[in-house]
Amino acid sequence: MAATSKGRRVSYIAVPSEISRSLSSTSLHSLLLLFSPTKKASQPGHRLLALGRSPNFLFSVLFFFALVEILRSWHHLDPLVPCPHLGRSPLYSPELSDSTAAMSADVGGGVEARGEFWQQPDGMGYVPCLNFSEQYLAEGVAATRAGRRKKYLLVVVSGGLNQQRNQIVDAVVIARVLGATLVVPILQVNVIWGDESEFSDVFDLEHFKSVLADDVKVVSSLPSTHIMTRPVQAKETPLHVSPAWIRSRYMKRLNREGVLLLRGLDSRLSKDLPPDLQKLRCKVAFHALRFSAPIRELGNKLAKRMRSKGPYLALHLRLEEDVWVRTGCLPGLSPEHDEIVRVERKLKPELLTGRSNMAYHDRKLAGLCPLNAAEVTRLLKALEAPRDARIYWAGGEPFGGRDALLPLMREFPNLYSKENLTLPGELGPFANRSSLLAAIDDVVCEQSDVFMASHGGNMGHLMQGQRAYAGHRKFITPNKRQMLRHFMNASLPASELNRIVKELHQGSLGQPELRTHKIDRDVTAYPLPECMCEVGARMRSML
């Protein structure tokens, strides 16, 4: 209550912002008319207006209007279709919109999460467990006292987003091995997409520094005392080198010159490292390399929109033209599309990756080709993915455009991407910046209930490790080598095909898997056992 200049007291009602925003302009106008100042009521017909001076009456009416508007908005608003412009998306068509709406009505506004497809694997009680040894901790303190700040490591990382992330992980480990301070890695301009994003555009720089403060000192730039120093450049680093090799090759020159510059770190560091360095790799990949605030904010919004009606599946579809060229495979959309890929491959034979002497059919059966949309659809149906499942697909523009996704869209009409899930203007700050767009995909995929990649790759491997580290959330690894030959058998009945495919994937759904093949399996994809331990075992070690 507040007193006026004439001694009268006026009542105020505090209304939560969520309720006030839910009122339509028409409702607000009606309330203003109802409770606007009027002359003293002198006729029976004005008694209702006189009640407007009662605080209890004011609150009751206002609450009624707010409740009506909220219920009406919930009834009409589909959180997965945030605005009408989505109807113009290249992945959206009128014939699919009707079925989507009907499906939403059938399930009563939500998707049942109790189906077998959404069930999570048994994580067997494994949790993150980065317990560094006393020797590792002591060495970190000793390196600082010995003048780690006088030695600096410069690194230039290249490739796509997740390839860069792998190299940054290696750079931190190499800096630790050499006892050097790491200068914030330089992201080389991508030759394919022309992305000029810097480290702080993609990652949270201050978080990166603080998380690694006890492991490796990270600075934004070389100090003035070293700016004129000519860095020692590593001409060529072999694949899978050991920490001992790094020390013997670089330590003397680094101590003498003070600055070491490394390029092309991709797969240069051994995957078979001592336990403490493996834990450091996990610490960098799963803790330190957090995306920048704008990326996390939009990615979390999109994940929330996907989850607004229940669980969702995330697919990483490798259907871009350059993927077909590099893998030596064919998209199979039409003879014209296949010929375009063949011509491009002849013009740029250096792009072809591995086993270049194999024919396309042999590469396909060997599991070296991405699954196309039709094959992804057959796999999901065999694994009993519900037709009304919400699916978020990540990746670049498919070669062939919308036609490349039609088989998937026909069977699973609730198909979304960041382009048709965002509000107008939300993607504007990230336009033409492939690394930032890929990072948004990563955030949405990481939060999905089920994830599947059509062709492995750096994103698939990192997503595999992240989901394992988060408690072994479901991760489908397509068994292409065994599955595709059955797909090609036209005489096989659908029921038998589904039985075989389901059986082939019983052990490929993200269950805990030990990193037994240490030479070719990275701890960032297989964090068990170096970076995880059983809850019971950890509790016993604390007693």
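**Nonpolar cores, enclosed helices and salt bridges**

The largest nonpolar core of this predicted model comprises 77 residues, and those with the most contacts inside it are Leu-153, Leu-178, Leu-182, Phe-208, Leu-280 and Tyr-392. Helix α7, which spans residues 161-178, gives the most to this core, contributing ten residues. Another core, of 39 residues, lies apart from it and includes Val-376, Ala-382, Leu-415 and Phe-487. In soluble globular proteins, nonpolar side chains tend to be buried together. Across the protein as a whole, 47% of the 543 residues count as buried, while the area exposed by the protein amounts to about 28100 Å², of which carbon and sulfur atoms supply 55%. The secondary structure consists of 23 helices and 15 strands, and among contacts between residues at least 6 apart in sequence, 78% join residues that are at least 24 apart.

Two of the core residues named above, Val-376 and Ala-382, also appear among the buried residues of helix α16. Seven of the ten residues of this helix, which runs from 373 to 382, are buried, so α16 is largely enclosed by the rest of the structure. The buried positions are not all nonpolar in character by name, since the set consists of Ala-373, Glu-375, Val-376, Thr-377, Leu-379, Leu-380 and Ala-382. At the start of α16, a side-chain oxygen of Asn-372 reaches to within 3.2 Å of the backbone nitrogen of Ala-374. Beyond the other end, α16 is followed by Glu-384, whose phi is positive, near 65°. Glu-384 also takes part in a network of salt bridges, in which it is linked with Glu-116 and Lys-502.

Val-376 of α16 is also one of the contacts of Ser-454, a residue found in the loop between β13 (450-453) and α20. With a relative accessibility of 1%, Ser-454 counts as buried. A polar atom of the Ser-454 side chain lies 2.9 Å from the backbone nitrogen of Arg-318. When neighbours within four places in sequence are left aside, the residues in contact with Ser-454 are His-316, Leu-317, Arg-318, Cys-369, Pro-370, Leu-371, Val-376 and Lys-480.

Helix α20 covers residues 457-469, and its 13 residues reach 18 Å from the first C-alpha to the last, close to the 18 Å expected at 1.5 Å a residue. The helix is mostly covered, with ten of the 13 residues buried. The buried residues of α20 are Met-459, Gly-460, Leu-462, Met-463, Gln-464, Gly-465, Gln-466, Arg-467, Ala-468 and Tyr-469. After the helix comes Gly-471, with a positive phi near 110°.

Side chains of opposite charge can pair when their charged atoms come close. A search of the whole structure finds 25 salt bridges. In one of these, Arg-433 pairs with Asp-201, and the closest N and O atoms are 3.1 Å apart. This pair links distant parts of the chain, as Arg-433 lies in the loop between α18 (418-421) and α19 (434-446), whereas Asp-201 lies in helix α8 (residues 199-202), 232 residues away in sequence. Both partners count as partly exposed, Arg-433 at 26% relative accessibility and Asp-201 at 28%.

A salt bridge is also formed between Arg-296 and Asp-204, with 3.7 Å between the closest N and O atoms. Because Arg-296 belongs to helix α12 (residues 293-307) and Asp-204 to the loop between α8 and α9 (205-211), the pair ties together parts that are 92 residues apart in sequence. Arg-296 counts as partly exposed, at 25% relative accessibility, whereas Asp-204, with a relative accessible area of 17%, is buried, because the limit for that class is under 20%.

A further salt bridge joins Glu-419 to Lys-418, the closest N and O atoms being 3.9 Å apart, which is within the 4 Å cut-off for such a pair. Here Glu-419 counts as partly exposed, at 44% relative accessibility, whereas Lys-418 is buried, with a relative accessible area of 5%.

Technical notes
Residues are numbered from 1 along each chain as its sequence is written. This is a predicted model: local features need pLDDT of at least 70, side-chain atom pairs count only at pLDDT 80 or more; totals for chains, interfaces and linings use all residues. Side-chain values use heavy atoms; hydrogens and water are left out. A salt bridge is a side-chain nitrogen of Lys or Arg within 4 Å of a carboxyl oxygen of Asp or Glu. Helices (H or I, at least four residues) and strands (E, at least two) are DSSP runs, numbered from the N terminus. Buried means under 20% relative accessible area, exposed over 50%, partly exposed in between (1.4 Å probe, protein chains only). The expected span of a helix is 1.5 Å times one less than its number of residues. Contact means heavy atoms within 4.5 Å. Accessible areas come from the Shrake-Rupley method with a 1.4 Å probe; for residues, only the protein chains shown count as cover. A nonpolar core is a set of buried Ala, Val, Leu, Ile, Met, Phe, Trp, Tyr and Cys residues joined through side-chain atoms within 4.5 Å. A polar contact is a pair of N or O atoms within 3.5 Å; within protein, one must be able to donate a hydrogen and the other to accept it, and residues adjacent in sequence count only if both atoms are side-chain atoms.
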